[in-house]
Each structure stands twice: as C-alpha cells, then as structure tokens.
Amino acid sequence: MKISLVRLSTKDLATLAQRIISNIQSGKYPVISNHPLTATLQTSYTEYDMVYTKQIYSGKGKDVATADHERDVTYTNLKAFLNGYRKLQTVPNYQSAEDLYSVFKTFGLNLDRLSYSSQSAQMKKLIETLESQENQQKIAFLSLDPAFTEMKTNHEDFEALFADQAEANADLRQMTSASAIRKDLEKNLKTYLDLLTAMKDVPDWKLLYSDTNELVKAAKNSDIKPEPPQDNKP
C-alpha cells in the first residue's frame, strides 16, 4: 500500500484522512477500534481540518485601499481649492486660504503619495492643527466646514479599517502553520498505513487492509492529471 502523501493536494489529503477515520469508526474492524494510533490520527486530522482552508491574509486589503483612496481625494481636493483661492487676492478671505495652505505645506503637499503609515501620521497632525480655534475660524470664513469634516471622517474611517486589517492578519499569523500541521498528518497517516501493510496477512487485519487500500487507490487516482487533448491534425 504505497502512496506519496506529499503529492496529494490539500483537499485530497484531508479527504483521504477523513475517509480512513470514518472507516476506522465504522465498527467493522475490531482489531483497530481501540488502537492508540487511531486517536493520534484523529487528533492530527482535526487540527488539520481547522486550518487547511484558512486564509493567509484577512481579505480586507481591497476595503482598506478604497478607504485610502477616499481620504486621498478629499485631501487633494481641499488642498487644491486652497492653492487656487489663495492666488485670487481680490476675493474675500484670500489670506485665510493662504494661511491654511501654509498648514498643508508644513505637513507635506504629497501625503497622498506616502505609505499608509506615513500618511496616517502626517494626516493626524494636519487635522489636529486645522482643528485649532484660529484655523477653524478661517475654515468657516471660506465655507469649508463640510470639506474639512469629510476629510477628517474619511481619515478616521481608513484608520478603523486599517486597524481591523492589522488585527485580523495578526490573528491569522498566530494560528499554527498549516504546513506544519500537514506534516504531522502525513506522518501519522504513513504510520497507520505502514501498520496495516505489516499486518495485511494476519486474518483479522486482511479486510481492513483491503478496504483501506481501496481508499488509498482512490486518493492516488485523484493526483493523476488528465492528459491534454490529442491533436487530430495529420
């Protein structure tokens, strides 16, 4: 009863282990029902089943990227407005626009091009400075309260999503490695199959060996790749 367990796909290995365990638990084979190896095999399969389909990452990356884009848009729009308005020295409150644009300069005019972490750090300082009583008055003079609130809200939404993503990814990394658990399952399966092979000529073990061998054959067939279609051209 030979099979290269390492060649089986993640799903096929799980299927083989599950079928073997179900066979053991069927009650048809008294010789194996209380064998200590069956408990070991069951434990390793249970651990493998819990993690083999787990995601490596949280899957929140797209939402985080969308939130970052939204805060970038509100940041660049407000910056662009102030830059244009401050140049119109004949319009009311142009000096307020000049002063507010200087605040943007202080923390960088290219925050939307920075990494998530660098942008967040600078955006936090920018928003805190713009929230001062003096700057809030200038924002009100220019009727920019909604634009500032939107930029702040988008930044806070991004921060919340980014924190969720970081937490989710950390939780996944803390889970036991699926590859390590797979090795344990492969080892215990091999030990079990070797036991059956060694005992295959013992009367009480023959049927168990035969039935298990059919399960192994099915698993081996699942690893066979279909041949490509033949070219019918002469």
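**Close-ups of a helical chain and its salt bridges**

The structure holds 10 salt bridges, and since this is a predicted model, each close-up below shows computed positions.

**View 1. Lys28 reaches across to Asp211.** These two form a salt bridge, with the closest N and O atoms 3.6 Å apart. Lys28 sits in the loop between helix 1 (10-24) and helix 2 (30-33), while Asp211 belongs to helix 10 (residues 203-222), so the pair ties together parts that are 183 residues apart in sequence. Asp211 is partly exposed, at 22% relative accessibility.

**View 2. Lys190 and Asp194 pair up within helix 9.** Here the salt bridge spans 3.0 Å from N to O. Both residues lie in helix 9 (residues 178-198), 4 residues apart, or about one turn of the helix. Asp194 is partly exposed, with a relative accessible area of 38%.

**View 3. Glu214 and Lys217 meet in helix 10.** Their side chains make a salt bridge of 3.6 Å, N to O. They're 3 residues apart in helix 10, about one turn. Glu214 counts as partly exposed at 46% relative accessibility, and Lys217 does too at 41%. Elsewhere, Asp99, Glu134 and Lys138 are joined into one network by salt bridges that share partners.

**View 4. Confidence along the chain.** The chain has 10 helices and 0 strands, and its average pLDDT is 88. Among its elements, helix 7 (residues 133-141) has the highest mean pLDDT, 97, and helix 8 (residues 145-174) the lowest, 87. Over residues 225-234, pLDDT stays under 50, and the model has 0 contacts there beyond four places in sequence. Where pLDDT is low, don't read the predicted coordinates in detail.

Terms used
Residues numbered from 1 in each chain as written. Predicted model: local features only at pLDDT ≥ 70, side-chain atom pairs only at ≥ 80, totals over all residues. Heavy atoms only, no water. Helix = DSSP H or I, 4+ residues; strand = E, 2+ residues; numbered from the N terminus. pLDDT = per-residue confidence, 0-100. Contact = heavy atoms within 4.5 Å. Salt bridge = Lys/Arg side-chain N within 4 Å of Asp/Glu carboxyl O. Buried < 20%, exposed > 50% of the residue type's maximum accessible area, 1.4 Å probe, protein only.
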